[in-house]
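I opened my notebook and went through this chain entry by entry. Here is what I looked up, in the order I got to it.

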Amino acid sequence: MSWWVIVTGLLMAAAIGWIGIAALRAASGGGPRGPHEVEDVEELDVYLVCGECGTEFRVTRLGELQVPRHCGEPMRVERRPATA
């Protein structure tokens, strides 16, 4: 077996490994996200409201918003006029 066959085999293995790792990173959604800064939104009067039972949660601080589920349905975000 010649040396160029071995070198070609090693280069092909490295290329296949690199493509595989790149595909796995793309499928996983990227790297870890950095911490989000918390923002005080108490004066905005933002609520999360359940459409099924009417349960309301008042939002006073925002980081990364993930709308919760209540009664099996996602809650809707409502912004109301500020109260005096």
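**Entry 1: Glu-37 and its patch**

I began with Glu-37, which sits in the loop between α1 (3–28) and β1 (39–40). A reminder to myself: this is a predicted model. Is Glu-37 buried or exposed? Its relative accessible area is 74%, and the cut-off for exposed is over 50%, so Glu-37 counts as exposed. Glu-37 also belongs to a negative surface patch, together with Glu-39, Asp-40, Glu-42 and Glu-43.

**Entry 2: Asp-40**

From that patch I picked Asp-40 next. I found Asp-40 in strand β1. Its relative accessibility is 47%; exposed would need over 50% and buried under 20%, so Asp-40 counts as partly exposed. Then I checked Asp-40 against Arg-61: how far apart are they in space, C-alpha to C-alpha? The answer is 4.5 Å, although 21 residues separate Asp-40 and Arg-61 in sequence.

**Entry 3: the whole chain**

Time to zoom out. I looked up the secondary structure and got 1 helix and 7 strands. Read from the N terminus, the order is α-β-β-β-β-β-β-β.

Then I looked at the overall dimensions. The C-alpha trace spans about 85 × 30 × 15 Å along its principal axes. What is the radius of gyration of the chain? I noted 25 Å, while a compact globule of 84 residues would come out near 12 Å. I also wrote down how much of the chain is buried: 11% of the 84 residues.

**Entry 4: the nonpolar patch**

Back to the surface. Which residues make the nonpolar patch? My list reads Met-1, Trp-3, Trp-4, Val-5, Ile-6, Val-7, Leu-10 and Leu-11, and the patch covers about 980 Å². I looked closer at Met-1, which is placed in the segment before α1. Met-1 has a relative accessible area of 87%, and anything over 50% is called exposed, so Met-1 is exposed.

**Entry 5: Asp-45**

Next I went to the loop between β1 and β2 (46–49), where Asp-45 has its place. The phi angle caught my eye: Asp-45 has a value near 55 degrees, which is positive in a residue other than glycine. Is Asp-45 buried or exposed? At 6% relative accessibility it falls under the 20% cut-off, so I put Asp-45 down as buried.

Who does Asp-45 pair with? Its side chain meets that of Arg-58 in a salt bridge, at 2.7 Å from N to O. This pair links distant parts of the chain, with Arg-58 in strand β3 (residues 56–59) and Asp-45 in the loop between β1 and β2, 13 residues apart. I checked Arg-58 as well, and at 38% relative accessibility it counts as partly exposed. Why do such pairs form? Side chains of opposite charge can pair when their charged atoms come close.

**Entry 6: the other salt bridges**

How many salt bridges does the structure hold? I noted 4. One of them joins Arg-76 and Glu-78, whose closest N and O atoms are 3.0 Å apart. Another joins the side chains of Arg-80 and Glu-78, at 3.1 Å from N to O. Salt bridges with shared partners tie Glu-56, Arg-76, Glu-78 and Arg-80 into one network.

I looked up the accessibility of three network members. Arg-76 has a relative accessible area of 42% and is partly exposed. Glu-78 is at 21%, and because buried means under 20%, Glu-78 still counts as partly exposed. Arg-80, with 27%, is partly exposed too.

**Entry 7: Cys-71**

Last stop was Cys-71. Where is Cys-71 placed? I found it in the loop between β5 (69–70) and β6 (73–74). Its phi is near 60 degrees, again a positive value in a residue other than glycine. The relative accessible area of Cys-71 is 49%, and exposed starts over 50%, so I wrote down partly exposed for Cys-71.

Terms used:
Residues numbered from 1 in each chain as written. Predicted model: local features only at pLDDT ≥ 70, side-chain atom pairs only at ≥ 80, totals over all residues. Heavy atoms only, no water. Patch = residues over 30% accessible without salt bridge, like charges linked within 9 Å, V, L, I, M, F, W, Y side chains within 5 Å. Areas by Shrake-Rupley, 256 points an atom, 1.4 Å probe, with all protein chains shown as cover. Lys, Arg positive; Asp, Glu negative; His and termini not counted. Charge placed at Lys NZ, Arg CZ, Asp CG, Glu CD. Helix = DSSP H or I, 4+ residues; strand = E, 2+ residues; numbered from the N terminus. Buried < 20%, exposed > 50% of the residue type's maximum accessible area, 1.4 Å probe, protein only. Rg over C-alpha atoms; globule rule 2.2 N^0.38 Å.
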